[in-house]
Structures are given as structure tokens and as C-alpha cells.
Amino acid sequence: MRFRPFQPPKRLLMGPGPSNVHPRVLEAMARPTIGHLDPAFTDMMDEVKALLQYAFRTRNEVTFPVSAPGSAGMESCFVNLVEPGDKVIIGHNGVFSERMRENVERSGGTAVMVDDAWGDPVDPQKIEDALKAHPDARIVAFVHAETSTGARSDAATLARLAHEHDCLVIADTVTSLGGIPLEVDAWELDAVYSGTQKCLSAPPGLSPVTFGERALDKIRARKEKVRSWFLDLNLVLGYWGGAGKRTYHHTAPVNALYALHEALLLLREEGLEAAWRRHRQTHERLCDGLEALGLELIVDPQYRLPQLNAVRVPEGIDEAQVRARLLHEHDLEIGAGLGPLAGRIWRIGLMGQTCRQENVRRCVEALGTVLAEAGHTADVDRARVAVGAV
Ligand SMILES: *Cc1c(COP(=O)(O)O)cnc(C)c1O
């Protein structure tokens, strides 16, 4: 067997993440590695923290990227906040809230699952009922932007209800950060985690998190050590914490942090609100194109995520074959359905750098072509007009 340097194919990434990474970010990542305690590096870390505060809209001091993907940010929030015996109410409307349950149970807590249909947002009324039925609950957790279905939940209202019942809030914002309005301070979200490879368009592998004072108080008051050495905030903050001296905890992924820094600079140059607007407008154009192709989105318009579009697979179409042809013949990646939606939907992502009108045109033309060849009576010409391709 002969080994050669790996050359990835050029793909347009329109699935549930990763999204396409801007050349400036790739170039930043290729700069020379320096020591993770080098003052030049720790100065850059301070900028990463400030830029994340900007993206999260928070003044929280404890705002930094965990050195591992979004799932580690999730684990970091749960393992630090949940103590053995704690009851956690979880809004359950997709894949990622199921993982929350795993995290609660592995931290020694009890999960109370509040079910909504996949494709629906978390229903605040059901959360309020659960809070009344479980006055001993300590935490409410939910996914703001459920990537498995494309539904947005009302994080502000859910957080208000939780606080009215003396609960803290853990919010998954992996897919929302940089793509739709997210206001950590205004909505008083206590512990929040995200990811780099969705609307921030940095490579996967880091998980921005932010913890507010109430969350830190609960962590400081723990009677038992955090059940993870690596994610224990008390230890991690020796490295990422306030200004001044940094002590070795683990070797930070130096080049991945260069990449995140550059991706956040791009966001800042565009402006957060302009990025939200771009996601919304590009999504509207995609909807026009899909509609012209005779395709439907499964989520009610008022709860749709612009960055993740769950499209119903038409009757008689082999969904996996369509995805395979898009990948191999059009270099276009879209996502499959998960759980109860497996085989029934495609997930078309418009995240971060991928979220551009020209990519909508490419996607609608390619999907229309493949569907027409598969026997779906799609009006590809009308779709081309709808997305401004002709
Ligand atoms: C992608 C995603 C995660 C997990 O992130 P990884 O980087 O894949 O570990 C968690 N929650 C949501 C909502 C996601 O979309």
C-alpha cells in the first residue's frame, strides 16, 4: 500500500455541519504553531474570549472555547452544573435533547423529559406544567436551534419560566450562534454551549461556552467534585480564567484557536446582525426554490431555522440515492434525517460562509436535476427563476 498526502475533494457543504470554511480561516490555521503559554498566544486567547462575548452578546467573564467539539461543550455544562440527585427538566424535541438526558444521568441527576413532536419547538406551556409538577427541579435544559429537525424554540420565554421557578437554564446554541438572534445576557441564559463548525464556519473541534454568575455560584457550592477531570471548570479556568497568570491544564489546540479567532474576526467585520439578516434572506430564497420544485419544509414557518431546512422527501423517491448523486455528481453535501425522521427528510444547511445566494442557486439546480432524473415531476426551470439563476 502506498500512502500519499490526503487531498480532500472540493465540496459544497450544505448539510447540518460542518459548513464551508473561509479561505482566510484556513490560512490562519496554517500559520506556525507557537507555545500555548507564549504571551503572544495568551494575548490572542483574550481576544478570542472578547470576540465570543460579542457573538454570544454577553459580558460573562467565563466565556471561552472548550478544547473539543460541541458535544464536549454540552458535557461541560451538564457535568459542572448537575450534582448527584439534581432533577433536570429537558425539553425533548429532537436528537440533541436526548443526549442531554444521557449527560444528566451520567452526572448522577434525574432527567424529566418533556416531549414535543420532532419538527415542533419546545412548548413553553408544557415546560411550565413540568416546573409546577416538579417543584424540586434545579435546572431546565433545551436546544435553541434543533439541528435534527430545523425548529427554533423560544429561548427567552423558556428561560423566564425556569427562573420564575428558581431553576437555572442550560441552552444548546450549537447551531444558533452566528445564525439567528441569540442574546445570552438579555435572555439570562445561565450556561450556554455552542460549536465552531456550524454558523461560525470554523473547522470542527472547539466548543464555545459561557457561564453566568448564577451558574458559577451553583458550581462553587458543589459538595462533590465534578465527575470529569478534563471538563472541571474549576481546573480549566486556571488556564482560560481571568487576566494574568495562566497555568498548564492541557495543551490548547493552538492552530484550531487561530482558526476560531479568524472566523470570529470575519463575523465581527460583517456584523452579527448583518449575519443574522443574511441567514434569513438566503433562507427565504431557498424556500422559493424548494417550493418551485414542489418540495415542502416540515417546520411551521414561524419556527423555521434559516440555517437548517428540513425538507420532506417526495413519495417514491429514494432519499439516500439522491444524496449520493448530489455528492458524487455535483460535489454537494446535504444531510439525512435522524431518528423518527430518518428516510423521511433531507436537511439542507445554510450555515455561516455556506449561506450565500450562489449556493442556493447551485443547490436548487442540482437537486432539481437529480430529482427530475429520479422521476419526480419537478419544474427545474421555474425553480431556476425562483432563485435568480436565470
Ligand atoms: C452539532 C450539534 C451538537 C454537537 O456538536 P459536535 O461538534 O458534533 O459535537 C450539539 N447540539 C446541536 C444542536 C448540534 O447541532
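This report walks through a predicted model, from its ligand site to its salt bridges.

## The ligand and its surroundings

Let's start with the ligand. Twelve names are worth finding in the structure here: Pro69, Gly70, Ser71, Phe96, Val143, Ala145, Thr147, Asp172, Val174, Thr175, Gln197 and Lys198 are the residues around the ligand.

Several of these residues place polar atoms by ligand oxygens. From glycine 70 it is a backbone N or O atom, 2.8 Å from an oxygen atom of the ligand. Threonine 147 brings a polar side-chain atom to 2.3 Å from an oxygen atom of the ligand. In glutamine 197, an N or O atom of the side chain is 2.8 Å from a ligand oxygen. Taken alone, the ligand exposes 390 Å², and the protein buries 89% of that.

## Helix H3

Glycine 70, one of the residues around the ligand, also belongs to helix H3, which covers residues 70–81. This helix has twelve residues and spans 17 Å from its first C-alpha to its last, close to the 16 Å expected at 1.5 Å a residue.

How much of H3 is buried? Ten of its twelve residues are, so the helix is largely enclosed by the rest of the structure. If you would like to pick them out, the buried residues are Gly70, Ala72, Gly73, Met74, Ser76, Cys77, Phe78, Val79, Asn80 and Leu81.

## Residues at the surface and inside

For a nonpolar patch on the surface, look at Trp229, Phe230 and Leu235, which together make one of about 300 Å². Tryptophan 229 sits in the loop between helix H7 (213–220) and helix H8 (233–240). Its relative accessible area is 53%, so tryptophan 229 counts as exposed, the cut-off being over 50%.

Asparagine 309, in strand S11 (residues 308–312), is buried, with a relative accessibility of 1%. The side chain of asparagine 309 makes a polar contact of 2.7 Å with the side chain of histidine 283.

Histidine 134 is partly exposed, at 22% relative accessibility. You will find histidine 134 in the loop between helix H5 (124–133) and strand S5 (137–143). Histidine 134 and lysine 87 are 47 residues apart in sequence, while their C-alpha atoms are 8.4 Å apart in space.

## Salt bridges

The model has a count of 28 salt bridges. One of them joins the side chains of arginine 106 and glutamate 102, at 2.8 Å from N to O. Both residues lie in helix H4 (residues 95–106), four residues apart, which is about one turn of the helix. Arginine 106 is exposed at 66% relative accessible area, and glutamate 102 is partly exposed at 37%.

Another salt bridge connects glutamate 270 and arginine 278, with an N to O distance of 2.7 Å. Here glutamate 270 is partly exposed at 32%, whereas arginine 278 is buried at 14%. The side chains of arginine 325 and glutamate 373 also meet in a salt bridge, at 2.3 Å from N to O. This pair links distant parts of the chain, 48 residues apart: arginine 325 is in helix H11 (residues 319–330) and glutamate 373 is in helix H12 (residues 357–373). Arginine 325 is partly exposed, at 23% relative accessibility. There is also a network of salt bridges, which links Arg24, Glu27, Arg31, Glu262 and Glu269.

Note on methods
Residues are numbered from 1 along each chain as its sequence is written. This is a predicted model: local features need pLDDT of at least 70, side-chain atom pairs count only at pLDDT 80 or more; totals for chains, interfaces and linings use all residues. Side-chain values use heavy atoms; hydrogens and water are left out. Helices (H or I, at least four residues) and strands (E, at least two) are DSSP runs, numbered from the N terminus. The expected span of a helix is 1.5 Å times one less than its number of residues. Buried means under 20% relative accessible area, exposed over 50%, partly exposed in between (1.4 Å probe, protein chains only). Patches are made of residues with over 30% relative accessible area and no salt bridge: like charges are joined within 9 Å, nonpolar side chains (Val, Leu, Ile, Met, Phe, Trp, Tyr) within 5 Å. Accessible areas come from the Shrake-Rupley method with a 1.4 Å probe; for residues, only the protein chains shown count as cover. A salt bridge is a side-chain nitrogen of Lys or Arg within 4 Å of a carboxyl oxygen of Asp or Glu. A residue is near a molecule or strand if one of its heavy atoms lies within 4 Å of it. A polar contact is a pair of N or O atoms within 3.5 Å; within protein, one must be able to donate a hydrogen and the other to accept it, and residues adjacent in sequence count only if both atoms are side-chain atoms.
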